[in-house]
Amino acid sequence: MTQRMKELIAQITEADIAYFKHDQPIMTDREYDMRYNELLALESKTGITLSGSPTQKVPGEVLESLVQVRHTKSMLSAGKTKSRDDIIKFIGGRAVVVSWKLDGLTLVLRYENGKLVQAITRGTDGIVGEDVTHTVKVYTNVPLDIPYKGPLEIRGEGVVSWDNFDLINQEAEEPYSHPRSLAAGATRRLDARKSHNRNLELRVFEMVVGDSDFANKHEQLQALSSYGFDVAEYVLICEHADRGQIDSVLDGFDPEQYGFPVDGCIIEYDDLAYGSSLGETGHHTNRLIALKWNDELHETTFLGLELATTRTGMISLNGIFADVEIDGANVSRAYLHNLDILDSFSLGVGDKVKIYKANKIIPQLAENLTRSGTLRYPDKCPCCGSAPAIRTSENGTRQLFCEAQSCPAKLIRKFEHFCTKTRMNLPGISGKTLEKLINNGWVRDFGDLYELENHREAFVNTPGFGAKLFNRMQKAIAGSRNCTLAQLIAGLGIPMVGRSAGRILSSYFHGDWDAFESAIQSGFDFTRLQDFGKTMHGNIYTWYADKSEAMLWRPLLKHIILSKEKENTNMNTDNPFNGKTVVATGKLENYTRDGIQIKLLSLGAKSGGSVSKSTDFLIVGDKAGSKLAKARSLGITILTEAEFEELLAQVS
């Protein structure tokens with residue numbers, strides 16, 4: 001048993017280093033929990049706890065390149081359970097606060113005289129963390145000044161919403177595997193400018209040092225909200241609540257309806273003095289407990305790998321399974337992240353496997369019951385057939401890459417990127433359509449899209465195409481001939497230079513392509529611009545110097561007319577949004593995310609990213625989430641999309 005304990009300690013420690021230090025998980029959460037629980041059971045059974053056991057400390061590593069800071073109070077984990085019976089027993093008729101267990105990077109913020117002076121990660125053992133003040137200052141919602149002037153220390157979670165995660169991955173050269181990795185990596189950057197456009201947010205859940213007059217947890221959280229912090233959403237369960245009432249509250253915490261990654265709920269005693277009196281172990285505090293959702297395992301058959309080559313050349317790996325129904329939806333595939341994860345399951349076609357939805361959202365492979373190990377690495381790019389290469393990242397994880405410059409998949413993905421509504425806005429030209437256009441030799445560069453009239457007869461006589469599709473495409477293509485420099489730059493696919501960067505470049509160069517190109521030719525320092533770091537600067541020059549890239553985009557220039565960005569000329573004094581800070585949240589029917597921002601700017605409004613006391617209006621769509629709750633608590637004017645448009649109609 002002792003030998004097994006040593007093996008488990010080594011495996012868990014290796015996983016902790018990969019997860020906390022490198023933000024590159026080498027095992028699934030479920031695999032980690034299984035090893036941890038096995039170790040805990042062995043320690044209980046034998047009465048032996050080995051030195052260095054992760055059950056006796058909070059996992060985490062301090063990065064060597066960041067300054068180490070000692071915490072005022074040790075940051076301990078919560079005890080965990082997947083049993084509601086355990087939760088009922090824990091509550092014991094007392095009042096408790098139930099909140100989300102957010103899945104991000106835990107942070108401590110210190111304030112003196114109402115000003116933020118330091119931000120620290122949890123770090124090793126919860127005793128020593130890393131100073132990340134420089135990046136936390138560029139979070140979208142961290143107050144740098146607060147009304148409370150006494151010493152204050154709070155804890156919260158640095159997170160990235162699912163929506164922002166998806167948007168950032170659209171721009172990323174190599175997509176992130178999870179919002180947690182994105183939040184952790186961006187917060188630990190040495191150059192805060194590289195974190196500015198990552199839409200990092202803080203959700204506060206505890207006051208460690210501060211006003212001691214609060215008797216209850218919910219009062220403490222209300223005070224933090226009044227100081228300007230976005231507090232993790234919570235529900236107060238009053239004392240003597242029955243099982244039905246408790247279950248009803250817990251059922252309301254549905255991760256599929258929440259905008260941020262979560263991996264359970266936290267239940268904490270509302271009576272702060274009582275909670276403090278319960279003490280703590282070396283690993284966790286006794287005043288709260290985490291309810292993690294049960295992973296419902298479903299057995300199915302592994303059928304093989306589905307491969308896809310991205311526009312960067314990275315070959316994504318998806319495990320394909322016989323269909324199985326989970327939470328009312330058919331699931332047949334799960335993303336396997338990298339070759340290291342793939343290796344860990346020893347897969348083979350026909351193996352019996354178990355899958356589940358992590359946090360009830362993301363399909364994951366749980367275990368391989370057969371472990372035949374007969375699956376071999378793909379030896380061909382799924383598109384061009386060339387032999388892929390294995391690249392090892394700085395963090396040690398291995399990925400497959402197609403390095404063939406002529407790979408059609410790269411080309412198709414680049415055209416898809418170019419045609420996207422939020423780039424050059426060519427709706428109706430799908431990936432499948434582009435594949436046929438490229439394979440038939442009608443389209444070889446972006447400019448060829450604007451010369452499809454030369455292939456009209458062949459196009460309309462091709463099965464699956466026809467005159468209607470051709471006319472629809474021609475209409476979209478004609479409409480895109482007039483575009484802005486911001487749209488053009490975003491559509492060109494320069495790594496990490498997307499829509500936001502395109503707007504900044506368009507503004508600086510006054511919408512003039514020649515000015516932008518001349519700047520590159522004269523060695524312009526793009527790091528002078530807001531949110532531009534050395535990597536983006538280098539990417540622009542690398543892209544411009546690439547002859548194969550130039551063959552793709554340069555023919556386009558003769559087909560388009562660049563128009564200036566619309567200025568904020570609509571300054572009608574009757575416009576209720578002129579000069580106001582307006583935030584939009586949720587899914588709107590008539591506006592994209594970019595569209596509503598452009599509309600607000602045209603009205604002379606300031607488009608905000610998060611709700612605060614300075615927000616004047618909140619426009620809400622479907623699944624508005626935490627911003628709506630925050631706006632209600634601050635008394636901010638809330639408008640539906642219809643009410644917003646009605647106000648515009650009254651003054652137009």
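In this predicted model, Leu-449 touches a whole group of residues beyond its neighbours within four places in sequence: Phe-415, Phe-418, Cys-419, Leu-426, Leu-434, Leu-437, Val-443 and Ile-477. Leu-449 also turns up, together with Leu-437 and Phe-526, among the residues with the most contacts inside the largest nonpolar core, a set of 50 residues. Two or more residues of this core come from each of α11 (408–419), α12 (431–439), α14 (467–480), α15 (485–491), α16 (499–508), α17, α18 and α19 (547–553). The largest share, five residues, is down to α14. A second core is separate from this one; it has 33 residues, including Leu-107, Val-132, Leu-152 and Leu-182. As a general point, nonpolar side chains in soluble globular proteins tend to be buried together.

Two of the helices that feed the largest core, α17 and α18, also pack on each other. The axes of α17 (residues 513–521) and α18 (residues 534–545) come within 11 Å and cross at roughly 95 degrees. Angles of 65 to 115 degrees count as roughly perpendicular, and α17 and α18 are therefore roughly perpendicular to each other. On the α17 side, the contact is made by Trp-513, Phe-516, Glu-517, Ala-519, Ile-520 and Gln-521, and α18 brings in Ile-540, Tyr-541, Trp-543 and Tyr-544. Sorted by class, that gives eight nonpolar residues, one polar and one charged.

Zooming out, the protein has 22 helices and 24 strands. Of its 652 residues, 49% count as buried. Among contacts with a separation of 6 or more, 69% are between residues 24 or more positions apart. On the confidence side, the mean pLDDT is 82, and 87% of the residues reach 70 or more. Residues 58–64 are a weak spot in that respect, with pLDDT below 50, though this stretch still has 33 contacts in the model beyond near neighbours in sequence.

Backbone angles throw up a couple of oddities. Most residues other than glycine have a negative phi. His-240 is not a glycine, yet its phi is positive, at about 65 degrees. His-240 sits in the loop between β9 (234–237) and α8 (243–252), and, with a relative accessibility of 65%, His-240 counts as exposed. Asn-425 is another non-glycine residue with a positive phi, here about 60 degrees. Asn-425 belongs to the loop between α11 and α12, and its relative accessible area of 32% makes Asn-425 partly exposed.

Terms used:
Residues numbered from 1 in each chain as written. Predicted model: local features only at pLDDT ≥ 70, side-chain atom pairs only at ≥ 80, totals over all residues. Heavy atoms only, no water. Axes fitted to C-alpha atoms, helices over the stretch in contact; angles between N-to-C directions. Helix = DSSP H or I, 4+ residues; strand = E, 2+ residues; numbered from the N terminus. Parallel < 35°, antiparallel > 145°, perpendicular 65-115°, else oblique. Contact = heavy atoms within 4.5 Å. Nonpolar A, V, L, I, M, F, W, Y, C, P; charged D, E, K, R; others polar. pLDDT = per-residue confidence, 0-100. Core = buried A, V, L, I, M, F, W, Y, C linked by side-chain atoms within 4.5 Å. Buried < 20%, exposed > 50% of the residue type's maximum accessible area, 1.4 Å probe, protein only.
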